[in-house]
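Please walk through the structure shown here, looking at how its charged side chains pair and at what lines its pocket.

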Amino acid sequence: MLTRIAILLTITAQVAVAQPTLSGSEFDRYTRGKTLFYGFQGTVYGVERYLPNKRVIWSFLDGNCKEGVWYEKGGQICFIYEDRIDPQCWVFSKTDRGLIALFEGNSDATELYEAEDINEEMVCLGPEVGV
């Protein structure tokens, strides 16, 4: 499955073209109820599950999941996660291949792109328990 995702990531990265940015309501309509993989420079970067009421769960595919929320601010979609109180803001665009996310709308910053909607639950390991 990771090979298939890597191929999709490469194809998606090559067709990324500037598109109009999504408003908060457009972003919510597109993402709600989905689990989306995101890629960065041809490799799988992470996965996010979009829940009702602007709630999300993010993972770098390591089994550690972080709950958070998103909100719209100044044309950006900002995320706050349980382990970080500083917002991570992105400008989202929709292409014929899926979402493109540009960190803080800066063309020199990180650009993530949607690889696939797997339409299933993501794997989140329980909290680490010590002795």
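In this predicted model, Asp86 has a relative accessible area of 35% and is therefore partly exposed, since that value lies between the 20% and 50% limits. Asp86 forms a salt bridge with Arg84, and the closest N and O atoms of the two are 2.8 Å apart; Arg84, with a relative accessible area of 38%, is likewise partly exposed.

This pair belongs to a set of three salt bridges found in a search of the whole structure. Another of them joins Lys66 to Asp83, with 3.9 Å between the closest N and O atoms. That pair links distant parts of the chain, for Lys66 sits in strand E4 (residues 65–73) and Asp83 in the loop between E5 and E6, 17 residues apart. Lys66 is partly exposed at 29% relative accessible area, and Asp83 is partly exposed at 49%. Arg32 and Asp28 also form a salt bridge, their closest N and O atoms being 2.3 Å apart; here Arg32 counts as partly exposed at 46% relative accessibility, whereas Asp28, at 13%, counts as buried because its value is under 20%.

Turning to the empty space, the largest pocket holds about 370 Å³. It is lined by 19 residues, of which Tyr45, Trp58, Phe60, Tyr81 and Gln88 are the closest to its centre. Strands E2 (43–51), E5 (76–81), E6 (84–95) and E7 (98–103) each contribute at least two residues to this lining, and E6 supplies the largest share, with four residues. Sorted by class, the lining consists of twelve nonpolar, two polar and five charged residues.

Technical notes:
Residues numbered from 1 in each chain as written. Predicted model: local features only at pLDDT ≥ 70, side-chain atom pairs only at ≥ 80, totals over all residues. Heavy atoms only, no water. 1 Å grid on protein atoms, 1.4 Å probe; cavity = no way out; pocket = protein on both sides within 12 Å on 5 of 7 lines; lining within 4 Å. Points joined across faces, edges and corners; volume = space filled by probe spheres on them. Nonpolar A, V, L, I, M, F, W, Y, C, P; charged D, E, K, R; others polar. Salt bridge = Lys/Arg side-chain N within 4 Å of Asp/Glu carboxyl O. Buried < 20%, exposed > 50% of the residue type's maximum accessible area, 1.4 Å probe, protein only.
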